[in-house]
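User: Hey, can you walk me through the empty spaces in this protein? I'm new to this.
Analyst: Sure, let's put it up and go through it together.
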Amino acid sequence: MLFIMMIISIAAMRRICEVLDEVPDISDAEAIEDAVPEDGSIEFCGVNFSYHKDPENLNLTDINLSIKSGEIIGIIGGTGSAKTSLVQMIPRLYDPLSGEVRVGGRNVKEYTLSTLRESTAMVLQKNVLFSGTIRENLLWGNENASEEALWAALEIAQAREVVKSKEGELEASVSQGGTNFSGGQRQRLTIARALVRKPKILILDDSASALDYATDAALRQAIRGMENPPTTFIVSQRASSVRFADLILVLEDGEMVDSGTHEELLSRCAVYQEIYYSQFEKEAVNNG
């Protein structure tokens, strides 16, 4: 038994050492030390991407985009259409195989990783709250945030009433993983945590999936009404979540098949029509 445990431990130790010795592909080698994004404008210039760095097996193909600072961008498509892969290249969680991603007029590689990621906030569908208080969770977004800033972020994220309903309000306890909150409440609190940072770019990756339509709409309207609104990406499989975006990107199998407003896409894009009408008919049946 001891011999078998030693063999297993040695194999595990070797694997751990391999991971620790691995050199990250993404680094600050090309960064300009004092470069800071001037705004949240974003460009994708001929971007191709592959998880396996294989030009014959692309996950994203020839993406060209020009997004103004402060715009709300919807990204919609079926499962596996590379919606998340697209937005993950903005904070350099991945680098393109070819082409260029630009933020604030500069190639993202010209910013240090810390500077770029401080300007970007990303909220995932399953973002987790940690044990402590609501205040401590929010301050994780910005440890120097004032009381006023915390409540302002909660207001925009439609989480103010959630906090007001808890005994102690900001000092109310949060269990590990936020299990003492509902799914929708957790999502609103994680969005508030991201907004506390006052990012130039906000990425909501299916992070409103547990919200009802009214709360989802109020959240989008509140973000749009901010004094200096971030460039916001709403990644979703729900047409209702993206239909009022300034620009909607429709992805299928790693390709951007069309882009435009809801009305434009509904009149010409077969992929968007299929998504929208299938959801609209399903909603009509459920409400019928």
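User: So how many cavities of 30 Å³ or more does a search of the whole structure find?
Analyst: The search turns up 2 of them. Keep in mind that this is a predicted model.
User: What volume does the largest cavity have?
Analyst: About 60 Å³.
User: And which residues line it?
Analyst: The lining of the largest cavity is Leu 204, Asp 206, Ser 207, Ala 208, Ser 209, Ile 234, Val 235, Ser 236, Arg 238 and Ser 241. By class, that lining has 4 nonpolar, 4 polar and 2 charged residues.
User: Which element gives the largest share of that lining?
Analyst: Strand 10, residues 231-236, with 3 residues.
User: OK, what about the second largest cavity, how much space lies in there?
Analyst: About 40 Å³. The residues lining the second largest cavity are Leu 204, Ala 208, Asp 216, Leu 219, Arg 220, Ile 234 and Ser 241. The largest share there, 3 residues, comes from helix 8, which covers residues 213-224.
User: How does the lining of that second one split by class?
Analyst: It has 4 nonpolar, 1 polar and 2 charged residues.
User: Switching to the outside: which residues make the nonpolar surface patch?
Analyst: Leu 2, Met 6, Ile 10 and Met 13 make a patch of about 400 Å². Leu 2 belongs to helix 1, residues 2-21.
User: Is Leu 2 buried or exposed?
Analyst: Leu 2 counts as exposed because its relative accessible area is 62%, and the cut-off for exposed is over 50%.

Note on methods. Residues numbered from 1 in each chain as written. Predicted model: local features only at pLDDT ≥ 70, side-chain atom pairs only at ≥ 80, totals over all residues. Heavy atoms only, no water. 1 Å grid on protein atoms, 1.4 Å probe; cavity = no way out; pocket = protein on both sides within 12 Å on 5 of 7 lines; lining within 4 Å. Points joined across faces, edges and corners; volume = space filled by probe spheres on them. Helix = DSSP H or I, 4+ residues; strand = E, 2+ residues; numbered from the N terminus. Nonpolar A, V, L, I, M, F, W, Y, C, P; charged D, E, K, R; others polar. Patch = residues over 30% accessible without salt bridge, like charges linked within 9 Å, V, L, I, M, F, W, Y side chains within 5 Å. Areas by Shrake-Rupley, 256 points an atom, 1.4 Å probe, with all protein chains shown as cover. Salt bridge = Lys/Arg side-chain N within 4 Å of Asp/Glu carboxyl O. Buried < 20%, exposed > 50% of the residue type's maximum accessible area, 1.4 Å probe, protein only.
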